[in-house]
Amino acid sequence: HVNFPPATTQQMESIFLAFYPGEKALATEFSTKLQGLLGDEQVSMAAMQHFFISNRKSTAEEAVGNVEQIPENLKEQKDIKDKVGKLNDVKGTGANAMSDLRASAMAVFGKTENRTKNNRLKMVIIGLFIASMLLFGGILAGSTVATYIVKGTETSGNGILQVKVKTPEAITWKKTPIVGMSNDELRELKYFALSSENGVASFHVKGYQKTIHNNSVCLLVEGGTITFDDDGVHGSTGEANHYLGEAADETGRRRFGPLSYTHGSMES
């Protein structure tokens, strides 16, 4: 079990700015509104990241307007846990019944002295034992199936149970300069790969920062950052720097030019 610590006000604003750079006022409004909706409830950074990925096509203003989705998702997760807990209680009741039945059977075998009656009782008890085993197996199988059903369902506004079907997201790969991408295209950017004569490196994009005056884009990836300008990769930090090495060789030539990489975006 992984423990996710609750997000602070500063972390709420920081993750908002990671997806919507420069929107400081809306980031403050977002954190204030979210804390008002949560009350005494707490939310983890993982739940917040799930919210922003789900709203990746929304503008900053729309994300603030959709903030009530976060406490609604938390309530839905709690309801699912409660349903699974009740199913586990059913399993425990069946196991206790089996234990009581075995104890009764042993008592009957020990106290019956008449051979003929004893044989008949044995057959009856064996039949009851087999029937109870089948019943317990049915309860166990039903509760297992129900657990999977609960995990894949949700309740609509009118109380009808609906099945949630998760479909794989397609990735469209392109080969264009990242510096020339718009904010909408950068928000959709999820993966990219760099290639040179030494090999290929692939990265998962977590966010971005676009600087207009010097025409550069800094991508936040797992383990560090990678900065691009018109000539390709300008620099890198963290584990990304370890994988890529220096951005230029001894002659000053860029190792990763503007078209030495491909990038992938999620299709809607």
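A residue counts as buried under 20% relative accessible area, as exposed over 50%, and as partly exposed in between. The views below show a predicted model.

**View 1. Glu 222 and Lys 206 form a salt bridge.** The closest N and O atoms of the two residues are 3.5 Å apart. Glu 222 sits in the loop between β6 (216-221) and β7 (224-229), while Lys 206 belongs to strand β5 (residues 199-211), so this pair ties together parts that are 16 residues apart in sequence. With a relative accessibility of 48%, Glu 222 falls between the two cut-offs and therefore counts as partly exposed. Lys 206, at 29%, is also partly exposed. The model has five salt bridges in total, and two others are shown in Views 2 and 3.

**View 2. Asp 82 and Lys 78 meet in a salt bridge within helix α5.** The distance from N to O is 3.4 Å. Both residues lie in helix α5 (residues 69-111), where they are four residues apart, or about one turn of the helix. Is Lys 78 buried or exposed? Its relative accessibility is 52%, so Lys 78 counts as exposed. Asp 82 has a relative accessible area of 39% and is therefore partly exposed. Side chains of opposite charge can pair when their charged atoms come close.

**View 3. Asp 184 and Arg 187 form a salt bridge within helix α7.** Here the closest N and O atoms are 2.6 Å apart. Helix α7 covers residues 183-188 and holds both partners, which are three residues apart, about one turn of the helix. Arg 187 has a relative accessible area of 17%, and because this is under 20% the residue counts as buried.

**View 4. Phe 16 and Tyr 20 form a tilted aromatic pair.** The model contains eight aromatic pairs. In this one, the ring centres are 5.1 Å apart and there are 40° between the planes. Phe 16 is buried, with a relative accessible area of 0%. Tyr 20 is buried too, at 4% relative accessibility.

**View 5. The rings of Phe 19 and Phe 52 are stacked.** Why does this pair count as stacked? The planes of the two rings are at 10°, and planes under 30 degrees apart count as stacked, so the pair meets that rule. The centres of the rings lie 5.1 Å apart. Phe 19 is in helix α1 (residues 9-19) and Phe 52 is in helix α3 (residues 45-54); the pair links distant parts of the chain, 33 residues apart. Both side chains belong to buried residues: Phe 19 has a relative accessibility of 13%, and Phe 52 has a relative accessible area of 1%.

**View 6. Six aromatic residues form one cluster.** Which residues form this aromatic cluster? The members are Phe 16, Phe 19, Tyr 20, Phe 30, Phe 51 and Phe 52. The cluster includes the residues of View 4 and View 5.

**View 7. The side chain of Ser 44 reaches the backbone of Ala 47.** The contact is made to the backbone nitrogen of Ala 47, at 3.2 Å. Ser 44 is found in the loop between α2 (24-38) and α3. Its relative accessibility is 15%, so Ser 44 counts as buried.

Technical notes. Residues numbered from 1 in each chain as written. Predicted model: local features only at pLDDT ≥ 70, side-chain atom pairs only at ≥ 80, totals over all residues. Heavy atoms only, no water. Phe/Tyr/Trp six-rings, centres within 6.5 Å; stacked < 30°, edge-to-face > 60°. Buried < 20%, exposed > 50% of the residue type's maximum accessible area, 1.4 Å probe, protein only. Helix = DSSP H or I, 4+ residues; strand = E, 2+ residues; numbered from the N terminus. Polar contact = N/O pair within 3.5 Å; in protein donor to acceptor, adjacent residues only side chain to side chain. Salt bridge = Lys/Arg side-chain N within 4 Å of Asp/Glu carboxyl O.
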